[in-house]
Each structure stands twice: as C-alpha cells, then as structure tokens.
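Visitor: Hi, could you walk me through the aromatic side chains here? Just the essentials, please.
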Amino acid sequence: MLLGVNIDHIAVLREARKVADPDPLDALGICRRAGADQITIHLREDRRHMHDIDAKNIIELSALPVNLECATEPSMIDITCGLRPHRVTLVPEKREEVTTEGGLAVTGEQSRLKEAISRLQKEEIEVSLFIDPASNAVQASADLGVEWIEFHTGKYANIYAMLYSNLTKTHHSIPELKLPRSVLKKMLEEELESLSALSAEARVLGLKVAAGHGLNYHNVQAVAKIEEIEELNIGQSIIARSVYTGLEQAILDMKAALIK
C-alpha cells in the first residue's frame with residue numbers, strides 16, 4: 001500500500017497566523033525519510049492554504065512524486081499545466097466548504113472534464129478523478145480515459161467516527177448519522193463492501209485505484225486491506241498527530257497502520 005502524505009494542513013497552520021512559519025517546503029525531506037511514497041497538495045481557487053509559490057517550490061524540489069489536487073476551472077488547469085506535477089487529481093470545490101465534501105460529478109461535467117484531461121495528458125501529467133464510490137462514476141471515469149481514480153472515503157470515515165469515537169458527544173456530531181449502533185455497523189459493513197467491489201470493478205476497467213478523505217490511525221486498516229486499492233492519500237490525521245510526536249514519527253505510525 002502506497003502512502004501519499006497531504007501536507008496542506010501545514011499551510012493551514014501558517015495561514016492561521018498570516019506569517020511565514022511553518023513552511024510546508026520543510027516537510028519534504030522528512031516525508032521522504034519516513035517512507036512516504038508521494039506528496040499530495042491541494043491548490044484551491046481561493047488559496048486558503050497552499051499558494052502558487054508553494055506549489056511551484058514543492059513540485060520543483062520534491063524528490064518524491066507530487067500529486068496536485070485542483071478544480072477543473074480553466075485557470076487552474078492553466079496553472080497546473082505550467083507546473084507539470086507527476087499527477088493531477090481533479091476535485092470538486094465549493095468556496096464555503098471546510099474540506100472537500102464529495103466526489104466529482106463525472107457523469108454531469110463531461111465536456112469540461114474532457115477538455116481538462118486532454119490538456120493535462122498532453123503535458124504528460126497523469127490524471128486522477130476524485131469520485132464518490134458509485135458504479136456509474138467508475139464507468140464514467142474509465143470512459144474519460146484517465147489513469148487513476150481516487151475514492152472519496154468521507155462517508156466511511158463519518159460512519160466509523162459516529163460508531164467508534166466520541167464524535168456523538170461533541171458539537172461536530174453528524175445529525176443524519178445519529179442512528180442506532182446496529183444500523184451504523186450495518187452501514188459501515190456495506191460501505192466497505194462497496195469500496196471493495198468498486199475497486200475490483202475499476203481495476204478490470206484498467207484504472208489504478210487510490211482512496212482518501214477522513215482516513216486516520218483508527219479507521220484506515222479496513223480500507224488498507226482492500227487488495228485493489230494501491231494508494232491512500234492521508235493528511236489531516238498525520239499532521240494532527242505530528243503536533244505531539246513530530247512529523248517523521250507520525251508518518252512512520254501511519255505506515256505501520258497500513259500493514260496491520
């Protein structure tokens with residue numbers, strides 16, 4: 001199982017104080033030393049954390065492949081084609097969201113997606129689509145000719161948190177998931193079964209499969225056991241743990257969790 005470490009939240013800390021520290025660039029050597037396989041960053045249209053100079057420096061200086069997440073908006077594709085990262089993951093964006101809330105509407109944005117994908121692939125950039133775990137989204141991704149898909153695991157992570165953590169007792173509790181534990185357990189099993197079946201379907205269609213969003217040290221093992229998923233992109237939980245353990249140890253802990 002490959003691990004892409006998303007270092008966006010280092011920039012989140014920097015932007016919270018509007019100063020030059022911490023610098024996400026400093027994380028590159030640590031990530032490599034700890035065994036990360038990829039650096040993942042998200043250059044948002046509103047530049048709420050990563051900025052253009054961050055993306056440029058990281059892509060030019062990282063010894064690890066860089067996976068740049070961005071929206072399909074033409075100006076973002078212009079920037080990305082100029083930066084030429086190893087891979088681009090196309091994601092949906094809403095200005096008011098705290099984090100990416102779901103997958104791309106791959107069945108409803110065909111013309112925009114085709115144009116973006118074509119431009120990126122002409123620059124020899126691998127393309128991945130960040131999609132919800134749904135059969136029609138998998139098929140549509142294959143039809144668009146991308147190399148990768150990445151399943152949005154937010155639903156799985158939310159169910160897990162409501163079932164096995166104290167989330168229900170906090171102000172972040174998810175109202176629509178305030179359900180009996182037996183129902184949540186059934187939902188969790190079904191979500192894992194769906195991820196497994198859809199990953200197998202994607203591989204048959206010639207797609208490489210990644211997954212990410214909301215994965216942490218407690219919920220990652222079950223997803224990591226899905227054979228057809230070859231890469232996980234994880235950020236917030238690693239950066240959060242690094243506050244207490246240091247970044248290198250936080251990555252080592254995650255790498256260990258992936259093989260249990």
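Guide: Happy to. One term to begin with: buried means under 20% relative accessible area, exposed over 50%, and partly exposed in between, using a 1.4 Å probe and protein chains only. This is a predicted model, where local features need pLDDT of at least 70, side-chain atom pairs count only at pLDDT 80 or more, and totals for chains, interfaces and linings use all residues. Residues are numbered from 1 along each chain as its sequence is written, and side-chain values use heavy atoms, with hydrogens and water left out.

Visitor: Cool. Is Y156 buried or exposed?
Guide: Y156 is buried, because its relative accessibility is 2%.

Visitor: And how many aromatic pairs are there?
Guide: Rings of Phe, Tyr and Trp (its six-membered ring) pair if their centres lie within 6.5 Å; planes under 30 degrees apart are stacked, over 60 edge-to-face, and the rest tilted. That rule gives two aromatic pairs. In one, Y156 and Y160 are tilted, with 6.2 Å between centres and 50° between planes.

Visitor: Why is the pair of Y160 and Y164 tilted?
Guide: Their planes meet at 55°, so the pair counts as tilted, and the ring centres are 4.9 Å apart. Y156, Y160 and Y164 make up one aromatic cluster.

Visitor: How exposed is Y164?
Guide: Y164 is partly exposed, at 47% relative accessible area.

Visitor: Switching topic: which ring does the charged end of R87 sit over?
Guide: The ring of W148, 3.8 Å from its centre. For that, NZ of Lys or CZ of Arg must be within 6 Å of the ring centre and within 35 degrees of the ring normal. R241 likewise lies over the face of Y217, 3.6 Å from the ring centre.
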